Each structure stands twice: as C-alpha cells, then as structure tokens.
Amino acid sequence: MMFKQKLQQKLQQRLSPQQIQYVRLLELPVIEMENRIKQELEENPLLEEGGDFLSEHSESNETVEVENNSADDGEVDLSLGDYMTEDDIPYYKLAEMHDREDRREEIPFSSGISLQEYLLEQLGLRNLSEREKKIGEYIIGNIDDNGYLRRDLTSITDDLIFKAGEEVDEASIQSVLTVIQDFDPAGIAARSLQECLLLQLEKKQQTPCTQSAVTVLKDYFDAFAKKHFDKIRRAMNLDENEMKQILHEITMLNPKPGNSVANVSDTSVQVMPDFIVETHNEDLTLIMNQRGIPDLHISREYMDMVNDYTKNKANRTAEMRDAVQFVRQKLDAARWFIDSVKQRQETLQRTMQAIILLQKDFFLTGDESRLHPMILKDVAQHSGYDISTISRVSNSKYVQTNFGIYPLKFFFSESTQNDSGEEISTRMVKQIMKECIDSEDKRAPLTDDTLSAMLKEKGYVAARRTVAKYREQMGISVARLRKEL
C-alpha cells in the first residue's frame, strides 16, 4: 500500500459561529428571545444589562414610521465603546409596549387537571388489586389527548413484560381496559371511532332509537362512514323520519371524548405579538415589541482588568494570564451576541415594513378580501433579504393590528387570475367557495365541477382540480360526505 501527498484546492461556503447565532436568534419569537437573553446573561459574566429600559429618554425612539423607511443597508463596524455605553439606549432598541397595555388583550394562562390525571383519580376509586392498578396506570399513560388508546393489547403485554417486569396476558389487560372504558367521559380508552361511539351509546338510556343507532354502528359502519344512508335505510327497513332520528342520535356523540375534559393541557397557549401596527388617520405606524428585552453592554469591571493586565507588564502571573484569556473569549462571545441581537431587530423591522407596504389595504381596513397575493419572494425583493431569511422571520411571529392578532403566515397567499387577467389572492377564491358550500342544499351538495362552474360565473377561473385542492386546504369534505337527509 502506497501513501501519496498532493495539494488540492476546494471552494467551500461555511457559516461562521456568529452567523449561526444570528440565524437561531432570528427564528425566536419575542418570549423565547427574552429567555435566550436571560440565559446568555447567566452564562457570560462580561455581558450585563444596561440602564432602565423604561427610561424617559427612550421615548423618542419608540416608533418607526412605515412611510419613512430609513433602514441602513450597509454593515456597521462597531467599536468597543459602542458595547460599553450605559447611558444611551442601544441602536437595536426600537420600542416597548409598557404604555400600551390597554390596547392589547392578554390571553391569560389557565391551569387545570390533565386528562391522564383525571383518569388516574377515577382509577384510584375502583376496587382493584395493586397488579390491576399498575396495568391500569400503563393503559392510561398510552391514551392520547383525544381519548383514544392507540396501542393494541399485544404491544401493551410486551411493554409490561420488558419495561415494567409484569407478566400478564391479554385477558387481564382487557379486563382492566373494560373498567377504564367505564370512566368519565363516555367513550374514553376506545381503540377506534366505531368503538368510541358504541361506548357512548351503551351509557345512554336505551330507547328504540338508541338501539337502532347501535345496530347501524355495529353492522353498517362502513356504509355510515361513506354516508350511504339510503342503503342503510333499505337494509333496516326504516322510513326517512326514523333514519333522521338515528343519524341525529349518532351525530350528537363526541368523536373526541378526551377534549371534553376541561384544561386538557397544563396551560393554554399565550400569544405575544412581536409587532404592533397602529393606524392613525390613514397612516400606519410599526412598533417593535421589545418589552422584557433589556439593554446589553460589556462589563466595565472586566474590561478594566484587561487594561490593567496590558499596562502592567512587570507583575504578570500565570493565573492572571489564564484569567485574561478567559475574559477575552467571553468578550468575543458578548460582542457577537450583541451584534446578533442588533442585526435580528433590524431584520425583523425591515421585513415587517415590507409586509405592511405590500398589504397596506388590509392593515387600514381589516378586510380579508383586500389582501393581495404575496409570497416569500415578494417580501424578499422589498426588504433586500434572502427568501430563507424571510421564511425564518415569518415563522412563529405574530403582529397585533387594530383588527386582531395575526400570525405573519396569514398574510402570505398564492395568486390566481380572474377572467379579466387581473391577479387576485387565492384566499378570495376560497372565501367565495366557502360561502357557496355553506349555502348549498345538504340533500344535494355541490360537486367540484359545479363549484368550478359557479366560480366561472362570478369571474374567477378555477379548474375542477384547483377547486378540489382549495377545498382540501380548507378541510372541507367531498360532496358525497357532506350529504345529509
């Protein structure tokens, strides 16, 4: 085997650590950004908070007029003094919301018992052996938020043997599962939609209608799922009125019983807007939400230590050298972080300004029909950033308007053309389709071909396949499944 040496040139593109940090910060919404800054302050002793964030001298820099976009496209080379300013609000600080509490509706946190805890409480009230309770706890742990048991009994048997050291047969697990299926809410721990509905019917008062509904679910479930009601009616020798009563009995059941438990999750989701767009006499004002994000600067104490070490060459020791080396490493990290925060704020501001300019009609009126077709490329061209940057900014970010709080993704939509060749948003076409479907005769629902023809009459060109795609995106079933008696 021979070894050879040779020279080879390669051209590679790699992200620097500072660029990676900037990209990660760019994706964070305002609440996570606040936590990220707190984490950095704890880990880096050279990074300190500045003066009072709510100081009066920051009022002049609170708002950014959208009509006067003066963002600087060039790079800024900051000196050490820029990082050590304590009296002035840093360049990346734009605005806060402390004096606008009355303009935003808070979505409060709410805590409560989870579905699993609710079921475990009921399990403890049953007269079961310790072994049966252990099986019951494992079964409850495998019930999802909708209330369904997604694992089969064979898999649960194997899990109990290998994970819990309990050797049980399927009959014992089925016995405990039957007990759990008797818990509240009705239909809990079912393994299929059919079983879930049957469990709920079994708990109801048994009437001829309820018994007929049980027969439909047991013997004609496939036909029921496909809404072949005429076939079921003929097979069970029912008249139309009896069939309507049976369908009403079934449709009143809950297909997701787990959701009926209040506060299934530990806390509700709280939406904190990253931007505020206010309207004043047809003028739009963009406000960046910087509440909870403090000023950042380099610690003077550590910088004085570095300066003393540099000046005092005579009394240098190994311990001092190691300490200064550590400080220099943390200094670079602090500089990078402050730069990344500043760059993130500039990127968010310019991107949101571009969105406001493209969707100005909506921000002034709140009318969804005034939304213009807009894709990532359009915002990228107006803001001067790459499409990937716009995608990161629009992810998990929210904007508060005079008409409510919207995710940034709400403003993006594809375009289509009307019969006059004018480009319109697909959102408008979907809205018209939804209005047509909502007003249709449920005995004879509108097919995709009929919807396509109706849109053409209104001046919107949409083929049947396009109509089907829009309908699926809106979560609307096909005409056959929308049929009612």
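How many nonpolar, polar and charged residues does the lining of the second largest pocket have? In this predicted model, the lining of that pocket divides by class into 12 nonpolar, two polar and four charged residues.

The second largest pocket holds about 420 Å³ of space, and among the 18 residues that line it, Phe224, Lys227, Leu247, Ile250 and Thr251 are the closest to its centre. Helix H8 (193-203), helix H10 (221-225) and helix H12 (240-251) are the elements that give two or more residues to this lining, and the largest share, five residues, comes from H12.

The largest nonpolar core has 27 residues, of which Met352, Ile355, Phe363, Val399 and Phe411 touch the most other members. At least two residues of this core come from each of the elements in the following table.

| Element | Residue range |
|---|---|
| Helix H1 | 17-26 |
| Strand S3 | 275-280 |
| Strand S4 | 283-288 |
| Helix H14 | 318-358 |
| Helix H15 | 360-365 |
| Helix H16 | 376-383 |
| Helix H17 | 387-394 |

H14 gives the most to this core, with five residues. When residues up to four places away in sequence are not counted, Ile355 touches Phe363, Met374, Val379, Leu408, Phe411 and Phe412. Apart from the largest nonpolar core lies another core, of 21 residues, which includes Leu115, Ile143, Val176 and Ile188. As general background, nonpolar side chains in soluble globular proteins tend to be buried together.

Conventions
Residues numbered from 1 in each chain as written. Predicted model: local features only at pLDDT ≥ 70, side-chain atom pairs only at ≥ 80, totals over all residues. Heavy atoms only, no water. Core = buried A, V, L, I, M, F, W, Y, C linked by side-chain atoms within 4.5 Å. Buried < 20%, exposed > 50% of the residue type's maximum accessible area, 1.4 Å probe, protein only. Helix = DSSP H or I, 4+ residues; strand = E, 2+ residues; numbered from the N terminus. Contact = heavy atoms within 4.5 Å. 1 Å grid on protein atoms, 1.4 Å probe; cavity = no way out; pocket = protein on both sides within 12 Å on 5 of 7 lines; lining within 4 Å. Points joined across faces, edges and corners; volume = space filled by probe spheres on them. Nonpolar A, V, L, I, M, F, W, Y, C, P; charged D, E, K, R; others polar.
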